[in-house]
Amino acid sequence: MASKQTTGPGHGRIDQDNTAPGLLEMDGLPMPRRIWAICAISFGTALFVVDGAIANVALPTIARDLSVSNGAVTSVVTVYQLVMVMVLLPFATIGDRIGHRRLYQIGQVIFFLASAAALLIDSFWHLIAVRVLQSFGAGIALAVSAAMLRTIYPAKSLGSGLGINSVIVATSYAVAPTLGGFIVEHLDWRWVFVAAAPLALISLAIGRFLPEPEPRSGRVDTISGLWSALTALLLIGGLTLATHDMIVPGFAAIVAGVISAFLLTRRENGKERPILPVDLMRRPVIGLSVLAAVCAFVASAMLIVALPFRFEQGMGYAPDEVGLLIAPFPLTMLVVAPAAGWLSDRISPSVMGVVGMGIAIAGLLCLTFMPDHLGAAGIAWRLSLCALGFGLFLAPNSRLMIGSAPKDRAAAAGGMLSTARLFGQSTGAAVVGLVLAIGLGLGATPFAIALAFCVLAMACSAYRYKATGATLRRTPQHADIVR
């Protein structure tokens with residue numbers, strides 16, 4: 001299936017998946033400042049990815065040491081992601097007011113100070129408090145990181161730039177489980193939550209090269225900001241409560257969250273610069289990309305959170321072996337991500353999304369029926385197949401979400417991208433916790449649920465191709481120029 005194109009006087013190729021005007025206005029930072037800015041944003045990205053992923057391998061050990069259940073200990077992951085989801089959209093708007101670079105560095109400082117407190121952890125609730133502070137700082141920074149990426153790179157290289165960012169993410173994911181397994185096996189597990197802190201210092205040291213667009217005047221809608229945070233708390237917190245054997249309060253919170261989301265959407269509808277970016281999500285290319293991203297991140301998070309329990313408790317591997325067993329997934333992403341980002345500047349991202357999710361579904365089917373006495377090689381090719389599929393999907397899908405938004409809404413689009421990722425990841429981790437709590441987490445159930453979410457992501461990509469193609473045929477003058 002080829003990408004549908006249209007052309008106009010003085011214009012190059014127009015991709016059917018891109019509908020935002022004004023992308024050509026972005027020229028990127030001049031060289032060599034661009035290189036230093038890429039380094040600064042890369043260290044910051046690695047910081048938050050490593051800290052978010054490194055805890056997965058340590059969860060069984062933390063559960064034993066702090067005397068909590070397997071289902072409850074997944075809160076170390078879900079609480080971290082929940083707080084980030086709560087702060088992303090409000091602080092994306094605040095970043096427009098006070099400056100992206102300033103807000104990004106404030107978040108890194110908060111994260112670093114919280115990491116220092118991790119060495120003093122003496123109880124499960126102390127650990128949760130440290131993770132809340134770490135995730136608050138991480139969420140503040142991530143709220144504007146994607147907007148800065150869009151400013152760093154020229155318009156024609158946005159897909160490649162997101163591919164480079166995906167390489168950093170994949171590399172960090174590759175390092176995190178191996179590093180986490182080593183720390184748990186040879187050091188006190190508390191060092192797991194300090195390991196990423198030096199990256200904050202490096203990013204801060206070269207942060208002056210990051211772009212700093214002029215802050216925009218205007219009032220921050222505090223009510224909508226708090227409302228959006230409360231909605232995320234109800235939705236993801238409800239799932240977390242259910243993992244602590246509070247099924248009825250958990251599902252009551254989820255229902256309340258759905259109602260809150262509906263009412264907040266009605267409140268934000270029609271505003272010029274809403275905190276909940278309903279103006280962007282009304283565009284089929286963005287709305288369908290957001291939904292597809294959430295489904296894909298739910299699936300990938302379920303895979304990564306469930307695997308340590310399956311390998312250690314279901315198959316008898318040691319913690320440091322678990323980290324090595326998981327490594328083929330991020331290592332494959334490391335190879336696939338830059339290629340996918342480069343291709344998304346040249347091939348329809350929707351087509352790549354359908355193909356990628358098809359491959360991921362095949363990999364998850366193989367994991368669903370994985371025998372308990374499988375060797376490392378059999379595990380590796382199954383995880384690599386899944387990673388190939390997710391890698392082909394994620395960078396092109398992110399390119400559509402960022403590149404299809406107007407330039408003056410880049411922070412909102414970036415916040416929405418990070419929200420989709422973290423909402424999906426926290427939901428996936430919470431679902432694994434719920435499945436563990438009811439005694440089904442060590443078998444095939446988490447992989448089967450992840451597979452269903454991949455089917456939904458694939459359907460969104462396929463429908464997006466059809467919907468955005470129809471939009472272009474009606475209004476070709478609003479098409480976005482890829483090159």
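Start by selecting Trp189: in this predicted model, Trp189 is buried, at 5% relative accessibility. Now add Phe193, which is buried too, at 0%. Turn the view until you can see both rings. Their centres sit 6.2 Å apart with the planes at 90 degrees, so Trp189 and Phe193 make an edge-to-face pair.

Stay in this stretch of the chain and pick Asp188 and Arg190. These two form a salt bridge, and the closest N and O atoms are 2.9 Å apart. How exposed is each partner? Asp188 comes out as partly exposed, at 37% relative accessibility, while Arg190 is buried, with a relative accessible area of 15%.

The structure has two salt bridges, so let's go to Arg131 and Asp51. Here the closest N and O atoms are 3.0 Å apart. Colour helix H1 (residues 33-53) and helix H6: Asp51 lies in H1 and Arg131 in H6, so this pair ties together parts 80 residues apart in sequence. Buried or exposed, these two? Both Arg131 and Asp51 are buried.

Keep H6 on screen for the last stop. Across the whole structure there are six aromatic pairs, and one of them is Phe91 with Phe136, edge-to-face at 5.9 Å centre to centre and 85 degrees between the planes. Which helices does this pair tie together? Phe91 is in H4 (residues 75-98) and Phe136 in H6 (residues 124-152), so the link spans parts 45 residues apart in sequence. Switch on the surface to compare the two rings' residues: Phe91 is buried, with 18% relative accessible area, whereas Phe136 is partly exposed at 32%.

How values were computed
Residues are numbered from 1 along each chain as its sequence is written. This is a predicted model: local features need pLDDT of at least 70, side-chain atom pairs count only at pLDDT 80 or more; totals for chains, interfaces and linings use all residues. Side-chain values use heavy atoms; hydrogens and water are left out. Rings of Phe, Tyr and Trp (its six-membered ring) pair if their centres lie within 6.5 Å; planes under 30 degrees apart count as stacked, over 60 as edge-to-face and the rest as tilted. Helices (H or I, at least four residues) and strands (E, at least two) are DSSP runs, numbered from the N terminus. Buried means under 20% relative accessible area, exposed over 50%, partly exposed in between (1.4 Å probe, protein chains only). A salt bridge is a side-chain nitrogen of Lys or Arg within 4 Å of a carboxyl oxygen of Asp or Glu.
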